[in-house]
Amino acid sequence: RSNENLQRVIDVIKEKNIELQEATNIANAALESRSQFISGVSHELRTPLNSIINFTDQIDEDFDEMLTDKELQEDFKNYITIILKNSKHLLGLINEVLNFSKIESGRVEYEIVKTDLKKIVQNACNSTRSLAENKNLELTCWLSEEDTFVQIDERRMLQILLNLISNSIKFTERGFVSISLKRLGNRILLFIEDSGKGIPEDKLEHIFEPFKQVNSHDIGTGLGLTITKQMCSDMDIDMKVSSKVGEGTKFILKLKAYDG
């Protein structure tokens, strides 16, 4: 009997050791992901910042000469355009980090109101159309004629759509990005589909994890989809994704219709 009791204790200890090892592996993986994130985001922040500094320095150095040199004035216009573009990119990166920090600490506040989802979708399409045109992509937006009222935070919903549409445009080199909205019973379905490079099946389940990117050379913080997924969850929006390498990716958002 003593031997049996001792064996049970040994088995329990072995089981706890396995659990401890698994927890250690998870912690080490999280630590490695954060280290990679810090390294990656530092590079992402430095790139536009260095551009801003270099072109601003050039303007400052040649400013007096620019006042009388028409050719130099044209150069300076291009410099300012580059500075503005990189400033917006830098602001976007910083906002992603700050938004993720708020989400992680549970400090994101939502103002849930009744709103027509059509207006938000149309706004998102209009805001991203120039991005698609710059890559010669066809951006289509189809809106249901039926009522599409829902209860959501309008600003957060717009942020979700801008993230998803911009992401589709970013990873699509030719073809199309389409957004469609339709009602099915008491559900509102929103589709964001593209003809981009797609996501490998073994990486599809990890795209919503923080600090994860499909490819190590992808530009960005790797937090955009994490933030989007959490905001959807907070507003009771079901989000699914399907993808095929070389064919494209489709996001489907399901919302409860509001008829009150």
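Which residue of β7 does Leu189 stand opposite? In this model, which is a predicted one, Leu189 stands opposite Lys254 in β7, and that pairing is a convenient way into the sheet, which I would like to walk through before turning to the salt bridges.

The strand pair we have just entered is β5 and β7, which run antiparallel to each other and are joined over seven bridges. Stepping back, these two belong to an open sheet of five strands, in the order β2-β4-β5-β7-β6, and the pairing within the sheet is mixed. At the edges stand β2 and β6, the latter covering residues 238–244, and each of them has a single partner strand, so one side of each is left without a neighbour in the sheet. From one strand to the next, the twist averages 10°.

There is also a helix to place here, because α4 packs on the sheet and touches β2, β4, β5 and β7, with a direction that makes about 175° with that of β2.

Let me now move along the sheet from the β2 edge. Strand β2, residues 138–143, runs parallel to strand β4, residues 176–184, and six bridges join the two; one pair of partners here is Glu138 with Phe176 in β4. On going from β4 to strand β5, residues 187–194, the sense becomes antiparallel, and this pair is held over eight bridges. Within that pairing, Arg183 stands opposite Ile188 in β5. The two strands form a hairpin with two residues between them, and in the turn Gly185 has a positive phi of about 65°. As a general remark, strands of a sheet pair through backbone hydrogen bonds, either parallel or antiparallel.

I come now to the charged side chains. How many salt bridges does a search of the whole structure find? The search finds five, and I will take you through some of them. In general, side chains of opposite charge can pair when their charged atoms come close.

Let me begin with Arg183, since we have already met this residue in the sheet: its side chain meets that of Asp259 in a salt bridge, at 2.8 Å from N to O. The pair links distant parts of the chain, with Asp259 in the segment after β7, which spans 248–256, and Arg183 in strand β4, 76 residues apart. What may be worth pausing on is how the two partners sit: Arg183 has a relative accessible area of 17% and is therefore buried, whereas Asp259, at 57% relative accessibility, counts as exposed.

A second salt bridge is formed by the side chains of Lys135 and Glu173, at 3.4 Å from N to O. Lys135 lies in the loop between α4 (117–134) and β2, and Glu173 in the loop between α5 (154–170) and β4, so the pair ties together parts that are 38 residues apart in sequence. Here Lys135 is partly exposed, with a relative accessible area of 25%, while Glu173 counts as exposed at 55%.

The last one I will show is between Lys16 and Glu19, whose closest N and O atoms are 3.8 Å apart. Both residues lie in helix α1, residues 2–61, and they are three residues apart, about one turn of the helix. At 48% relative accessibility Lys16 counts as partly exposed, and Glu19, at 38%, counts as partly exposed too.

To close where we started, Leu189 and Lys254 stand opposite each other, in strands that pair over seven bridges in the antiparallel sense.

Technical notes: Residues are numbered from 1 along each chain as its sequence is written. This is a predicted model: local features need pLDDT of at least 70, side-chain atom pairs count only at pLDDT 80 or more; totals for chains, interfaces and linings use all residues. Side-chain values use heavy atoms; hydrogens and water are left out. Two strands pair if DSSP finds at least two bridges between them. Helices (H or I, at least four residues) and strands (E, at least two) are DSSP runs, numbered from the N terminus. A salt bridge is a side-chain nitrogen of Lys or Arg within 4 Å of a carboxyl oxygen of Asp or Glu. Buried means under 20% relative accessible area, exposed over 50%, partly exposed in between (1.4 Å probe, protein chains only). Axes are lines fitted to C-alpha atoms, for helices over the stretch in contact, and angles run from 0 to 180 degrees between N-to-C directions. Contact means heavy atoms within 4.5 Å.
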